[in-house]
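Visitor: I would like a close look at a single part of this model. Please take one helix and go through it slowly, then show me what else stands out.

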Amino acid sequence: VTITTRLLVSHLSGIRHYEKDITKVKDEKEKVNRAFKLTKLYQDKEQKEKEGKGIERTDSVKPRKEHEGEAKSQNSKPGRRDKEFEQEEYYLKEKFESVIDSLKIFKNDPLFFKPGSEFLYSTYGFTLLSAVVERVSGQKFTDYMLKMFRDLDMLSTVLDDNEAMIYNRARCYVYNKNGRLVNAPYVDNSYKWAGGGFLSSVGDLLKFGSALLYSYQAGQFKNPNGKLLPGYLKPDTVAMMWTPVAKTEVSWDRDGKYAMAWAVVEKKQQCGYCRQQRHYASHTGGAVGASSVLLILPEELDSEAIDTGLVAPPRGVVVTIICNMQSVSLNSTALKIAREFDKEKLAQ
């Protein structure tokens, strides 16, 4: 088989995640899909009943659960353990000198499917991707990334290295089997720097999101007298990264598809005065003792303002949340915050 970097970055490679048993993976996906279909059937039935009775929906009506995955998490009892975090490989303590060395964890395991045929989120797919960067760049992946973070002025973004003294590093927490909050266990992240091995701050992630949004929009604005600096990435590159890829899915927002290292929801409205989907890109993060999200909601730009040069990029809302507790669903919260700021801007 052939595995390309595009397949890796969109989780279509067939490389396993933490679960080694493909039967368990398929069973879990079936359960989630069945639950989602049942939820959707109930929502459609409820909506038809409301339309038949002529009931106008108001803020007093309890809103439907749009995202089944997050709904389950929000309704779960405090202290409920996420099954995924029961996988032993989350708690590896071996230190790897390079990401190429860490490939030994999974390199001899069979692929779960033919590359390009199915979607399976895989942290190890990103480990392989980082090995490609290491081999092509001729330098350690971690050095390559830290140079990039410095370019982006993300000076608080560092390796989550247990031995290093890191100023203001937060303690991380998990729930134990009895539902009590306890300190997260020791892990060594050198086997997955690219898939969850960096520490950052809200300020740095906002800079990162704003740099991407600027790059995405830079080509749309007129540039009188060359006043606009180029984006860190080319506009076409970010547009490609934020273009949904076929056969993918997103667990934290069923309206979306996976693109290239980002989940993307496209602009959509089927009928007048009906539900509108706004275009946005986001990604959640889950590690031992921590949860996070970065969400970028580009502004729907007015062509007149762009042409006259009255506004400059970036235009939109960037929201990030970092939580030092495990298995916290944050995407829907970030989206609600982004929409509130977006409404405020439209009202001005």
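Guide: Here is one helix, followed by some notes on other places in the chain. This is a predicted model, in which local features need pLDDT of at least 70, side-chain atom pairs count only at pLDDT 80 or more, and totals for chains, interfaces and linings use all residues. Residues are numbered from 1 along each chain as its sequence is written, and side-chain values use heavy atoms, with hydrogens and water left out.

Start with helix H6, residues 141-151. Helices (H or I, at least four residues) and strands (E, at least two) are DSSP runs, numbered from the N terminus. Which residues of H6 are buried? They are Phe141, Thr142, Met145 and Phe149. Buried means under 20% relative accessible area, exposed means over 50%, and partly exposed lies in between (1.4 Å probe, protein chains only). These buried residues cover an arc of only 95° around the axis, so they sit on the same side of H6. The arc is that of the directions from the helix axis to the C-beta atoms.

What do they pack against? The partners are helix H4 (99-102), helix H5 (123-137), strand S1 (158-159), helix H7 (193-196) and strand S4 (198-199). Contact here means heavy atoms within 4.5 Å. After H6 comes Asp153, with a positive phi near 65°.

Now compare helix H8, residues 202-218. H8 has 17 residues. From its first C-alpha to its last it reaches 24 Å, close to the 24 Å expected at 1.5 Å a residue. That expected span is 1.5 Å times one less than the number of residues. Its buried residues include Leu205, Gly209, Leu212 and Tyr216. The buried residues of H8 pack against H9, strand S8 (290-298) and S9.

Next, the loops. Asn168 lies between strand S1 (158-159) and strand S2 (173-175). Its phi is positive, about 65°, although Asn168 is not a glycine. Asn168 is exposed, with a relative accessible area of 66%. Lys247 sits in the loop between helix H9 (235-241) and strand S5 (257-258). Lys247 also has a positive phi, near 70°, and is not a glycine. Its relative accessible area is 53%, so Lys247 counts as exposed.

Last, look at the loop between helix H10 (303-308) and strand S9 (316-323), where Pro314 is placed. A cis peptide bond joins Pro313 and Pro314, with omega about 0°.
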